[in-house]
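Could you walk me through this model, starting with the strands and ending with the contacts that join distant stretches of chain? A guided tour in plain paragraphs would suit me well.

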Amino acid sequence: MKLIHHGGKHTVTGSCHELQVDGQSILIDCGLFQGADERPLEIDFETEHLTALVLTHAHIDHIGRVPWLVGNGFNQPIFCTQATAELVPLMLEDGLKLQLGLSNKEVQYVLNQIDCLLRPQAYNQWFTLPSKTGTPLKARFQHAGHILGSAYVEVQLANDEIVVFSGDLGPANTPLLPDPISPERADYLLIETTYGNKLHEEIQTRGQRLRTIIDRSLADGGAILIPAFSVGRTQELLFDIEQLIYQQQINANLPIILDSPMAQKVTESYRRFKILWGQEAKQRLAEHRHPLAFEQCITVDDHRSHLRLVNRLKSTGEPAIVVAASGMCQGGRIMDYLKALLPDERTDILLAGYQAQGTLGRAIQNGDMQVEIDNEEIEVKAQIHTMSGYSAHADKADLLHFVEGITHKPKVIHLIHGEAESKANFASELRSKGYSIVE
């Protein structure tokens, strides 16, 4: 068995891992490089020998280079969960328009090529991966709790050993999605370490922390801007805001603005796949509540309306909660809000997710007093808040729980998808517990 990392080994973006065994080769994810990782989008490795692509979930840092893979001649099956199969074209469509400036017709041509290769699979069901030689490998998806449709992948070798690719694991106790459950066996485990050296704030109290920020912001007016990933973070935020409204802890007149066409489409997918929701979310449905489609949530569709809203908030300073992509402030509609409102000390910026090195979000989080947007120097006077309780990634305790929950101790654990400090810290923790680690 051989593992080759084409991305996502020493960074948290560009995930792309190749498993070679008994003359067979499959690819796990094919993601976009982001932030400080500026490698080209073009596929720089051989693809003719690959027999399948397996996708863990639909975030762009795990699927963003799939169009380039297919354009390079790859025409083998692409396996993923049913929800991921629905989200993939939504995510890629947005990326292709932004990255390449393709026309709608050109984008649809690319998406149709990919759609023909998609092979959606149910959770917890073994399926056979195509093989050119030898006994074919088997694989199955298990709930990862990261975003809708996310999964970790178990690959069964001919000798019955199991290789597990974690993808991105979600934290425990999130109300919208079920927790990941450790596999019974993982002879070889490849596990993400995004937060391998950090502990998140308690998820159970994150709604109240959100309310505290909202109350403080309302005291002096101004907007609360929440840069949020269209898949996962946006839905978690809406879920908690609906709860605060239900408990009458948010003024009924405060507008909750979802300004992201992509997030609107993804939220509709979340509503269609209610069967994948966690127990708390299903309980709200049983109470005839609509946690992702409540009356106070206003959506902004066209670009003209978006610009009018930005100008209105800039000129009036009136209170509002605005949720818009992108989560790392690397494009999307959030950029117009930041450019207009970062210089206003009444503005509050709530960073609710991981900010990769080299991104505008990381610069704002680090306290830079000036940032560059559209080739202009923008002064930062806004109040900046980081809320780790909204991370879609497992923290150090969650990752340890996942590893220690594996009944049969792994022979080797490969640490991936993490920056150097995070990986080193987590490696030290695991070695102290007797695990064999490859960083």
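Strand E2 (residues 16-21) and strand E3 pair in the antiparallel sense, with five bridges between them. One place to look in this predicted model is Gln20, which stands opposite Ser25 in E3. The hairpin that E2 and E3 make has two residues between the strands, and there Asp22 takes a positive phi near 50°.

Stay with E3 for a moment. Strand E3 (residues 24-28) is mostly covered, since five of its five residues count as buried. Its side chains point two ways: Gln24, Ile26 and Ile28 go one way, Ser25 and Leu27 go the other way, and all are buried. Beyond the hairpin, E3 is joined to E4 by three bridges, and these two strands run parallel. Within that pairing, Ile26 has Ala52 in E4 as its bridge partner.

From E4 you can step onward to E5. Strand E4 (residues 52-54) and strand E5 (residues 78-81) run parallel and are joined by two bridges, and Leu53 stands opposite Ile78 in E5. Now zoom out to the sheet that holds these strands. Six strands form an open sheet in the order E1-E2-E3-E4-E5-E6, with mixed pairing. At its edges are strand E1 (2-7) and strand E6 (118-121), each of which pairs on one side only. From one strand to the next, the twist averages 25°. Helix H4 (residues 104-117) packs on this sheet and touches E5 and E6; the direction of H4 makes about 50° with that of E6.

What about the nonpolar interior? In soluble globular proteins, nonpolar side chains tend to be buried together. Here the largest nonpolar core has 94 residues, and Val155 and Tyr270 are those with the most contacts inside it. The largest share of this core, eight residues, is supplied by helix H3 (residues 82-100). A second, separate core has 28 residues, including Ala324, Met335, Val371 and Ile378.

Val155 is a good residue to select in your viewer. Setting aside neighbours within four places in sequence, Val155 is in contact with Leu19, Ile26, Leu137, Lys138, Ala139, Glu161, Ile162, Val163 and Phe165. You have already met Ile26 on this tour, as one of the buried residues of E3.

Next come the charged pairs. How many salt bridges does a search of the whole structure find? The search finds 21. In one of them Arg333 pairs with Asp259, with the closest N and O atoms 2.5 Å apart. Arg333 lies in the loop between strand E15 (320-324) and helix H10 (334-341), while Asp259 lies in the loop between strand E13 (256-258) and helix H7 (261-272), so the salt bridge ties together parts that are 74 residues apart in sequence. Are these two partners buried or exposed? Arg333 has a relative accessible area of 14% and is therefore buried, and Asp259, with a relative accessible area of 0%, is buried too.

Glu419 and Arg362 make another link between distant parts of the chain. Their side chains meet in a salt bridge at 3.4 Å, N to O. Glu419 sits in the loop between strand E20 (412-416) and helix H13 (420-432), Arg362 belongs to helix H11 (residues 360-365), and the two are 57 residues apart. Arg362 is buried, its relative accessible area being 18%.

The salt bridge of Arg312 and Glu318 has a distance of 2.8 Å, N to O. Arg312 is partly exposed at a relative accessible area of 47%, and Glu318 also counts as partly exposed, at 23% relative accessibility. Salt bridges also link Glu242, Glu280, Arg284, Glu287 and Arg289 in a network.

Our last stop is Thr347, found in the loop between H10 and strand E16 (348-351). With a relative accessible area of 1%, Thr347 is buried. Not counting residues up to four places away in sequence, Thr347 touches Ala223, Leu225, Leu341, Ala382 and Gln383. With Leu341 there is a polar detail to look for: a polar atom of the Thr347 side chain lies 2.8 Å from the backbone oxygen of Leu341. Finally, the C-alpha atoms of Thr347 and Lys314 are separated by 9.7 Å, and these residues are 33 apart along the chain.

Notes: Residues are numbered from 1 along each chain as its sequence is written. This is a predicted model: local features need pLDDT of at least 70, side-chain atom pairs count only at pLDDT 80 or more; totals for chains, interfaces and linings use all residues. Side-chain values use heavy atoms; hydrogens and water are left out. A nonpolar core is a set of buried Ala, Val, Leu, Ile, Met, Phe, Trp, Tyr and Cys residues joined through side-chain atoms within 4.5 Å. Buried means under 20% relative accessible area, exposed over 50%, partly exposed in between (1.4 Å probe, protein chains only). Helices (H or I, at least four residues) and strands (E, at least two) are DSSP runs, numbered from the N terminus. Contact means heavy atoms within 4.5 Å. A salt bridge is a side-chain nitrogen of Lys or Arg within 4 Å of a carboxyl oxygen of Asp or Glu. Two strands pair if DSSP finds at least two bridges between them. Axes are lines fitted to C-alpha atoms, for helices over the stretch in contact, and angles run from 0 to 180 degrees between N-to-C directions. A polar contact is a pair of N or O atoms within 3.5 Å; within protein, one must be able to donate a hydrogen and the other to accept it, and residues adjacent in sequence count only if both atoms are side-chain atoms.
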